[in-house]
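Here are some notes to read alongside the model. Take the points one by one, and find each residue in the viewer as you go.

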Amino acid sequence: MIYVTGERLRPHQIRAAAFDTRWRGLNPDQVHAYLNQLADELDRLHRELTTANTEAERIRQALRQWQSRHAGCRFTEPDWSPNNRWQR
């Protein structure tokens with residue numbers, strides 16, 4: 001399996017990984033079980049990232065709408081000087 005730098009690793013690439021066999025090598029069942037577990041975790045993380053990006057975009061759009069609606073609103077500090085007392 002060739003992994004190009006900068007390319008994101010996908011779950012199907014982990015599941016399809018193949019290794020050379022060697023005498024007294026690793027237990028293939030354990031390797032494949034671990035790779036499947038790793039692929040499942042990577043798949044979950046990709047879904048969470050997609051959800052987070054979608055939510056972030058929704059929040060950005062809501063902020064832009066709020067800023068557009070309130071573009072003309074300006075807050076002015078009240079004059080709290082002793083000469084300007086609240087009078088009725």
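Is His-46 buried or exposed, and why? Keep that in mind for a moment; the reply comes in point 3.

1. **The overall picture.** Please remember that this is a predicted model. The protein chain holds two helices and zero strands. Of its 88 residues, 10% are buried. The chain exposes about 8700 Å², and carbon and sulfur atoms supply 54% of that area.

2. **Helix 2.** This helix runs over residues 28-69 and has 42 residues. From its first C-alpha to its last it reaches 61 Å, which is close to the 62 Å expected at 1.5 Å a residue. Have a look at where it begins, too: a side-chain oxygen of Asn-27 comes to within 2.9 Å of the backbone nitrogen of Asp-29.

3. **His-46.** Now back to the opening question. His-46 counts as buried, because its relative accessibility is 16%, and the cut-off for buried is under 20%. This residue lies in helix 2. Leaving aside neighbours within four places in sequence, His-46 is in contact with Leu-9, Arg-10 and Pro-11.

4. **The buried residues of helix 2.** His-46 has company: Val-31, Leu-35, Ala-39 and Leu-42 are also buried in this helix. Try stepping through their numbers along the helix. An α-helix has 3.6 residues a turn, so residues three or four places apart point the same way. Part of what covers the buried residues of helix 2 is helix 1 (11-15).

5. **The nonpolar core.** Which residues make up the largest nonpolar core? There are six: Ile-14, Ala-17, Val-31, Leu-35, Ala-39 and Leu-42. Helix 2 gives the most to this core, with four residues. As background, nonpolar side chains tend to be buried together in soluble globular proteins. Leu-42 is a good residue to click on, since apart from residues up to four places away in sequence, Leu-42 touches Leu-9, Arg-10, Pro-11 and Ile-14.

6. **Phe-19 in the loop.** Where does Phe-19 lie? You will find Phe-19 in the loop between helix 1 and helix 2. Phe-19 counts as exposed because its relative accessibility is 53%, with the cut-off for exposed set at over 50%. Even so, Phe-19 touches Val-31 and Leu-35, not counting residues up to four places away in sequence. Phe-19 and Val-31 are 12 residues apart along the chain, and their C-alpha atoms are separated by 9.5 Å.

7. **Arg-24 in the loop.** The loop between helix 1 and helix 2 also holds Arg-24. Its phi is near 60 degrees, a positive value in a residue other than glycine. With 70% relative accessibility, Arg-24 counts as exposed.

8. **Salt bridges around Glu-57.** How many salt bridges does the count come to? The count is seven. Side chains of opposite charge can pair when their charged atoms come close. In one of these bridges, the side chains of Arg-60 and Glu-57 meet at 3.0 Å, N to O. Both residues lie in helix 2, three residues apart, about one turn of the helix. Glu-57 also forms a salt bridge with Arg-64, where the closest N and O atoms are 3.9 Å apart. As for accessibility, Glu-57 counts as partly exposed at 29%, Arg-60 counts as partly exposed at 40%, and Arg-64 counts as partly exposed at 45%.

9. **Other salt bridges.** Arg-47 pairs with Asp-43 in a salt bridge, with the closest N and O atoms 4.0 Å apart. Arg-47 and Asp-43 both lie in helix 2, four residues apart, about one turn of the helix. Asp-43 counts as partly exposed because its relative accessibility is 32%. Finally, look for Glu-41, Arg-44 and Glu-48, which are linked in a network of salt bridges.

How values were computed. Residues numbered from 1 in each chain as written. Predicted model: local features only at pLDDT ≥ 70, side-chain atom pairs only at ≥ 80, totals over all residues. Heavy atoms only, no water. Core = buried A, V, L, I, M, F, W, Y, C linked by side-chain atoms within 4.5 Å. Buried < 20%, exposed > 50% of the residue type's maximum accessible area, 1.4 Å probe, protein only. Contact = heavy atoms within 4.5 Å. Expected span 1.5 Å × (residues − 1). Polar contact = N/O pair within 3.5 Å; in protein donor to acceptor, adjacent residues only side chain to side chain. Areas by Shrake-Rupley, 256 points an atom, 1.4 Å probe, with all protein chains shown as cover.
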